[in-house]
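Work through the exercises below with the structure open beside you. Try each task before you read its solution.

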Amino acid sequence: MEPIIYQPEPDVVNKNDEFKNFIEIANKKNILPNKNKNFRICSFNVHSFKNYNNVEINFDKFKTVINELDCDILCLQEVIKDSQFYNFLLQKYKFNIYCDADYDGFGNAILSNIKLDVIFINTYRSKTFYSSKKQRCVICCKCVYNQTELNIVNLHLETQEFNKRLNILNHIMKNIIKLPNPILVGDFNDTSIGQSLKLKMFENTYLPHTYPEMTSKYNKTIDYIFYHKCSDIQIINSGIFYTDISDHFPVYTDLTIINNTSIDCKRKKPDEPIYNWHITRYQPAKEIFKIKAAANAVKVIAKARQQGI
């Protein structure tokens with residue numbers, strides 16, 4: 001689906017009015033491609049199940065949007081756990097993983113009808129808000145599709161501090177570097193984070209003709225799905241679904257499994273993680289030397305202990 005280009009009138013200054021006008025234009029071309037036999041992953045910041053005016057959304061409208069999206073993996077941010085909306089999702093999907101963020105009953109969730117296994121769940125403190133309890137949540141889980149392991153990371157990054165977003169992202173990378181077919185999903189709260197991920201061989205799944213003008217009412221594209229270029233994944237469709245049930249749009253990607261035979265993605269050694277050398281080759285030589293030296297020191301200490309030295 002072609003992205004919708006919207007230029008607000010000069011006298012329209014209210015973000016809610018801009019967003020409403022944009023949705024009215026976009027809805028006329030809101031065509032979700034048929035999933036066919038492909039695997040669909042969706043990311044959606046549901047804004048506590050409120051619309052862009054912070055009014056609780058219509059329950060039937062929410063169900064309609066979720067059913068139309070027809071996701072195999074649904075990644076949500078800003079979920080209110082104790083709500084009729086989340087209860088509906090628990091009935092629709094057999095498996096779910098939930099993580100509290102700011103307070104009990106508010107956070108991120110991954111839902112699917114395919115079995116999900118938790119790899120890790122992390123929380124990170126946020127300095128953006130006055131509450132000392134404010135934090136961000138990251139969920140990583142694995143599932144098996146078409147006899148292929150996929151590792152899904154659902155995240156919601158800091159809003160105002162780029163360096164903190166980058167630090168959290170780097171920490172996530174260290175946790176997923178050995179996992180096959182990693183997919184980063186969520187609200188990144190950043191328009192340029194993709195440049196950092198490119199250095200780590202990750203690409204966003206938006207195709208050139210589907211790159212959206214914005215994914216939230218703040219007139220920015222901040223919701224993404226990233227995949228590793230050396231994974232066994234081929235992107236078939238991608239885009240956003242225009243709806244007024246949140247201050248963000250749902251983001252979707254349809255993918256299929258391939259046998260990636262790219263020369264750049266071959267392992268150096270049979271036991272070496274397929275992504276490892278792609279990351280380290282961008283590190284300065286001194287940093288690589290430090291890493292290797294530290295690893296060798298650990299081996300020497302371990303050997304000495306075994307010999308009782």
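Contact means heavy atoms within 4.5 Å. Keep that cut-off in mind for every task about what touches what. The model is predicted.

**Exercise 1. Get the overview**

Task: State how many helices and strands the protein has, and what share of its residues is buried.

Solution.
- Step 1. Count the elements: there are seven helices and twelve strands.
- Step 2. Apply the cut-off: buried means under 20% relative accessible area.
- Step 3. Of the 309 residues in the protein, 50% are buried.
- Step 4. Now take contacts between residues at least 6 apart in sequence: 67% of them join residues at least 24 apart.

**Exercise 2. Read one helix**

Task: Find the buried residues of helix α2 and say what covers them.

Solution.
- Step 1. Go to residues 59-69, which form α2. The buried residues there are F62, V65, I66 and L69.
- Step 2. Look down the axis. These residues cover an arc of only 95 degrees, so they sit on the same side of α2.
- Step 3. Recall the general rule. An α-helix has 3.6 residues a turn, so residues three or four places apart point the same way.
- Step 4. Look for the cover. It includes β1 (39-45), β2 (73-80) and α3 (84-92).
- Step 5. Check the two ends. N58 caps the N-terminal end of α2, with a side-chain oxygen 3.0 Å from the backbone nitrogen of D60. After α2 comes D70, whose phi is positive, near 55 degrees.

**Exercise 3. Cross two helices**

Task: Describe how α2 and α3 meet.

Solution.
- Step 1. Compare the axes. They come within 10 Å and cross at roughly 35 degrees.
- Step 2. Give the hand: the crossing of α2 and α3 is right-handed.
- Step 3. List the residues that meet. From α2 they are F59, F62, K63, I66 and N67. From α3 they are Q84, F85, F88, L89 and K92.
- Step 4. Link this to Exercise 2. F62 and I66 are among the buried residues of α2, and both take part in the meeting with α3.

**Exercise 4. Build the sheet**

Task: Write down the strand order of the six-stranded sheet, then find its edges.

Solution.
- Step 1. Trace the order: β3-β4-β2-β1-β12-β11. The sheet is open and its pairing is mixed.
- Step 2. Find the edge strands. They are β3 (95-100) and β11 (233-240), each pairing on one side only.
- Step 3. Note the turn. Ignoring direction, neighbouring strands are turned by 15 degrees against each other on average.
- Step 4. Start at the β3 edge. Six bridges join β3 to β4 (residues 106-112), and the two run antiparallel. One partner pair is F95 with S112 in β4.
- Step 5. Move to β12 (residues 251-257). β1 pairs with β12 in the antiparallel sense over five bridges, and I41 has T253 as its bridge partner in β12.
- Step 6. Look at the other neighbour of β12. Seven bridges join β11 to β12, again antiparallel. Here I235 has L255 as its partner in β12.
- Step 7. Ask how enclosed β12 is. Six of its seven residues are buried, so the rest of the structure largely encloses this strand.

**Exercise 5. Inspect three loop residues**

Task: Place N181, N189 and D232 in their loops, and decide for each whether it is buried or partly exposed.

Solution.
- Step 1. Take N181. It lies between α4 (162-176) and β8. Its relative accessibility is 4%, so N181 counts as buried.
- Step 2. Take N189. It lies between β8 (182-187) and α5 (193-198). At 16% relative accessibility, N189 is also buried.
- Step 3. Check the backbone. Most residues other than glycine have a negative phi. N181 has a positive phi of about 50 degrees, and N189 also has a positive phi of about 50 degrees.
- Step 4. List what N189 touches beyond four places in sequence: R136, H156, L157, E158, T159, R165 and I222.
- Step 5. Take D232. It lies between β10 (223-228) and β11. At 26% relative accessibility, D232 is partly exposed.
- Step 6. List the contacts of D232 beyond four places in sequence: N181, T256, I257, I258, N259 and N260.
- Step 7. Compare sequence with space. D232 and N260 are 28 residues apart in sequence, yet 5.2 Å apart from C-alpha to C-alpha.

How values were computed. Residues numbered from 1 in each chain as written. Predicted model: local features only at pLDDT ≥ 70, side-chain atom pairs only at ≥ 80, totals over all residues. Heavy atoms only, no water. Buried < 20%, exposed > 50% of the residue type's maximum accessible area, 1.4 Å probe, protein only. Helix = DSSP H or I, 4+ residues; strand = E, 2+ residues; numbered from the N terminus. Arc of directions from axis to C-beta. Polar contact = N/O pair within 3.5 Å; in protein donor to acceptor, adjacent residues only side chain to side chain. Pairing = 2+ DSSP bridges. Axes fitted to C-alpha atoms, helices over the stretch in contact; angles between N-to-C directions. Left-handed = near helix turned anticlockwise from the far one by under 90°.
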